[in-house]
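Hi,

Here is the structure I promised to pass on. Have a look, and my notes on how its helices and strands are arranged follow underneath.

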Amino acid sequence: MDRGFSNARLIMFTLTLIFFTSACENAAETRATTDPSAVEKNHSPGQPSEEGKIKIGFSMDTLEEERWLRDRALFKEAVENLGAEVEIMAANEDDAKQILQAETLISQGVDLLVVVPNNAEATAAIVNKAHLAGIKVISYDRLVKNADIDMYISFDNEQVGELQAKAITELVPKGRYVLIGGASTDYNAHLLKKGVFNVLQPYIDRGDITIVYDQWTDNWTPTNAYKNMEVALKANNNHIDAVIAANDATAGGAIAALEAHGLAGKIPVSGQDAELAAAQRIVVGTQHLTIYKPLNMLAEKAAELAVKMAKGESIVADRKINNGKIEVPSVLLAPIAVDRHNIDETIIRDHFHSREDVYMVDQ
Ligand code: GAL
């Protein structure tokens, strides 16, 4: 959906992506697999492997969004730079598969488990199994609910929602709003929504802003977001003034629906994740902003915490997040709002994307 850039650019971008993925595939220490039986059992928790290295298990939910491919490559690199090794498995948004994969990582004796939960509640079982095996668990980006999780590291997701709503209310202080939420199984979607309402509520109370549609988007997919937006447009005879979409994937789906009604670029839309397609939409004017989260900071800090905790070193966490069971020691990083005015000095300056790719101009 909606990728307007040239073949040469497409080839360049795909090559970059292949670099990120192949870096994972053929690194000797790293085995990124979805097949639990393919993993050797040669290590017991807390005991360095034959090579004397700490072994970290990384149980990922999905590789669907652009960002998770980066998270995987950046986390692998950061763990190895600390002299440890990492075992990565991705569950393609399948809860049962994620639990099975985590059991495999636990049974092969990783020293610590890092989890990106697909379902915040279902993954509590993984934490319990890991603890029974004497393995600590870090929640990466998304929080595991109702479990004795040892550490949570993410960006401040409530602040992500506040930044989105602040930017859109600056443009549309009065009007009819559509909220295209994230996946209800993902606690980030709930934190984000809380942030959005922290900003919108006073406008709603004054009667300036009306929420005319508000829905979660299963699995954060563009297709489901498209369907949500179609329903919202139909129910409101296209009379909508602003859209707060939870991330760039859902923003892409919503904008495609607006496009189909000749409204793209006329109604401001928010996003998150600074995906390339979103950065291009911001430049051409069909998306108003995205939230940039410097993933290298998240991956490096998570790797540092994981290796330290695996070695039994004490960790200082400056925040606590209640996950329904305990106050989880947490590290929350600052997200950055990006629109066409600061896109150069943020995602381009950081080489998150190249200027050529974002502005779709020849080298
Ligand atoms: C969220 C994450 C976002 C987004 C989404 C979809 O948990 O914070 O960056 O991309 O998942 O995978």
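Before the helix pairs, one cut-off to keep in mind: an angle under 35 degrees counts as roughly parallel, over 145 as roughly antiparallel, 65 to 115 as roughly perpendicular, and whatever is left as oblique. Also, please remember that this is a predicted model.

Let's begin with α7 (residues 222-235) and α8 (residues 248-260). Their axes lie 7 Å apart, and the packing angle is about 45°. That value falls in none of the named ranges, so α7 and α8 are oblique to each other. The crossing of the two is right-handed. On the α7 side, the residues that meet α8 are P222, A225, Y226, M229, E230 and L233. Facing them from α8 are A249, T250, G253, A254, A256, A257, L258 and A260. Sorted by class, this contact has 11 nonpolar residues, 2 polar and 1 charged.

Now for the other helix pair, α3 (residues 95-107) and α4 (residues 124-132). Here the axes come within 10 Å and cross at roughly 15°. Because that angle is under 35 degrees, α3 is roughly parallel to α4. This crossing is right-handed. From α3, the contact uses Q98, I99, A102, E103 and I106, while α4 brings in A125, I126, K129 and A130. The class count for α3 with α4 is 6 nonpolar, 1 polar and 2 charged.

On to the strands. What sense do β7 and β8 pair in, and over how many bridges? Strand β7 (residues 175-180) and strand β8 (residues 209-215) are parallel, with 6 bridges between them. If you want a spot to look at, I180 sits opposite Q215 in β8. To get from β7 to β8, the chain goes through helix α6 (residues 187-205), and this β-α-β crossover is right-handed.

The last piece is β12 (residues 319-322) with β13 (residues 327-333). These two run antiparallel and are joined by 4 bridges. Within the pair, K320 stands opposite P329 in β13. β12 and β13 form a hairpin, with 4 residues between the strands. In that turn, check G324 if you are going through the backbone torsions: its phi is positive, at about 95°.

That's what I have for now; shout if anything looks odd on your screen.

Cheers

Terms used. Residues are numbered from 1 along each chain as its sequence is written. This is a predicted model: local features need pLDDT of at least 70, side-chain atom pairs count only at pLDDT 80 or more; totals for chains, interfaces and linings use all residues. Side-chain values use heavy atoms; hydrogens and water are left out. Two strands pair if DSSP finds at least two bridges between them. Axes are lines fitted to C-alpha atoms, for helices over the stretch in contact, and angles run from 0 to 180 degrees between N-to-C directions. A crossing is left-handed if the near helix is turned anticlockwise from the far one by less than a right angle, and right-handed if clockwise. Contact means heavy atoms within 4.5 Å. Ala, Val, Leu, Ile, Met, Phe, Trp, Tyr, Cys and Pro count as nonpolar, Asp, Glu, Lys and Arg as charged, and the others, Gly among them, as polar. A crossover is right-handed if, with the strands pointing away from the viewer, the path from the first strand over the helix to the second runs clockwise.
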